[in-house]
Amino acid sequence: MGLKDVILVIGSSGQIGTELVQELRKLYGQNNVIASDIKYGGESNGPFEVLDIMDAKQLGEVVRKHKVTQVYLLAALLSATAEKNPKLGWKLNMEGLLNVLDLAKEKIISKIYWPSSIAVFGPNTPKENTSQFCVMEPSTVYGISKQAGERWCEYYFNKYDVDVRSLRYPGLVGYKSPPGGGTTDYAVHIFYDALKKGNYECFLSENTTLPMMYMPDAIRATINLMETDSKNVKIRSSYNIAAMSFSPREIFSEIKKHIKTFEISFKTDSRQQIADSWPKSIDDEHARKDWNWRPFYNLSKMTEDMLKNVTI
């Protein structure tokens, strides 16, 4: 981290952005982290800009105004939402990334973080212990745009020496901000309904095992990857990253240890098909080897922490 680093977080009001801004402000100082989103969310305790990531001119103005050196680009339409509006999903997810990559190509900014996702994998990907390099063939608009984005990141690194870094997030669970239209959102909703209603109707089937991660681990992984020396970042598409895998039945059983009367039922919807195309578990050996990644939370630790912190 440079002494004069100024960070712009784009998509700061979302599930990841909300927590990332808080952590980055602790590290870099409140005024050196600019939050931004398509509309003002009212949550910012520091500088905030209303910013449409598809407007390259406006993006350039915000970056110059604040003398931004690093951009964390989190604005995206997620898997379930993008399926409802495929062209917007593609446009937002692609144009936003290319606008930011071009700023680094022109040496206006020096470092970019852009998240990818397990959605880059598809029905022909090996399901268990999915490796960093394997058949992908994503079947959702979100996955297709993330796969294309990985290729663009790698291209800009190889061609223009752009320092861009990325993680393939699994499903993320947190309590500080509601999830934003993804396929693994059930793993957040289930805690709220357990505490509020004592029962939960799940939109995925009971044995749908997916790779998941607790938000504090995701935030720590993101910042660790961005802080490590650039020579340690050997993968410039996006890193596999893992913490735990579980099914709705397993997280239900874990919550039931704390809330004895909790009940669950299952009624699958269109998100089931998306989940069925994704891996069950991820091999993250490269992240472990290259920059020493280790998760802290497993299912029981996460469940305990969520039940302690969720406010209803």
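**Exercise 1.** In this predicted model, find which ring the charged end of Arg271 sits over, and how far from its centre.

*Solution.* Start from the charged end of Arg271 and look for the ring beneath: this is the ring of Phe203. The distance to the ring centre is 3.4 Å. The cut-off for such a contact is within 6 Å of the ring centre, together with a position within 35 degrees of the ring normal.

**Exercise 2.** Identify the aromatic cluster that contains Tyr160, then the lysine whose charged end sits over the ring of Tyr160.

*Solution.* Step one: Tyr160 forms one aromatic cluster with Trp152, Tyr155 and Tyr156. Step two: the lysine is Lys105, with its charged end 4.6 Å from the centre of the Tyr160 ring.

**Exercise 3.** State how many aromatic pairs the whole structure holds, and classify the pair of Tyr40 and Phe48.

*Solution.* The search returns 13 aromatic pairs. For Tyr40 and Phe48, the centres are 4.9 Å apart and the planes stand at 70 degrees. Plane angles over 60 degrees count as edge-to-face, so Tyr40 and Phe48 form an edge-to-face pair. As for exposure, Tyr40 has a relative accessible area of 49% and is partly exposed, whereas Phe48, at 17%, counts as buried.

**Exercise 4.** Classify the pair of Tyr239 and Trp291, and explain why this pair ties together parts that are apart in sequence.

*Solution.* The ring centres of Tyr239 and Trp291 are 5.7 Å apart and the planes are at 85 degrees, so this pair is edge-to-face. Next, locate the residues: Tyr239 belongs to strand 12 (residues 239-240) and Trp291 to helix 10 (residues 285-291), so the pair links parts 52 residues apart in sequence. Both Tyr239 and Trp291 are buried.

Definitions and conventions
Residues numbered from 1 in each chain as written. Predicted model: local features only at pLDDT ≥ 70, side-chain atom pairs only at ≥ 80, totals over all residues. Heavy atoms only, no water. Phe/Tyr/Trp six-rings, centres within 6.5 Å; stacked < 30°, edge-to-face > 60°. Buried < 20%, exposed > 50% of the residue type's maximum accessible area, 1.4 Å probe, protein only. Helix = DSSP H or I, 4+ residues; strand = E, 2+ residues; numbered from the N terminus.
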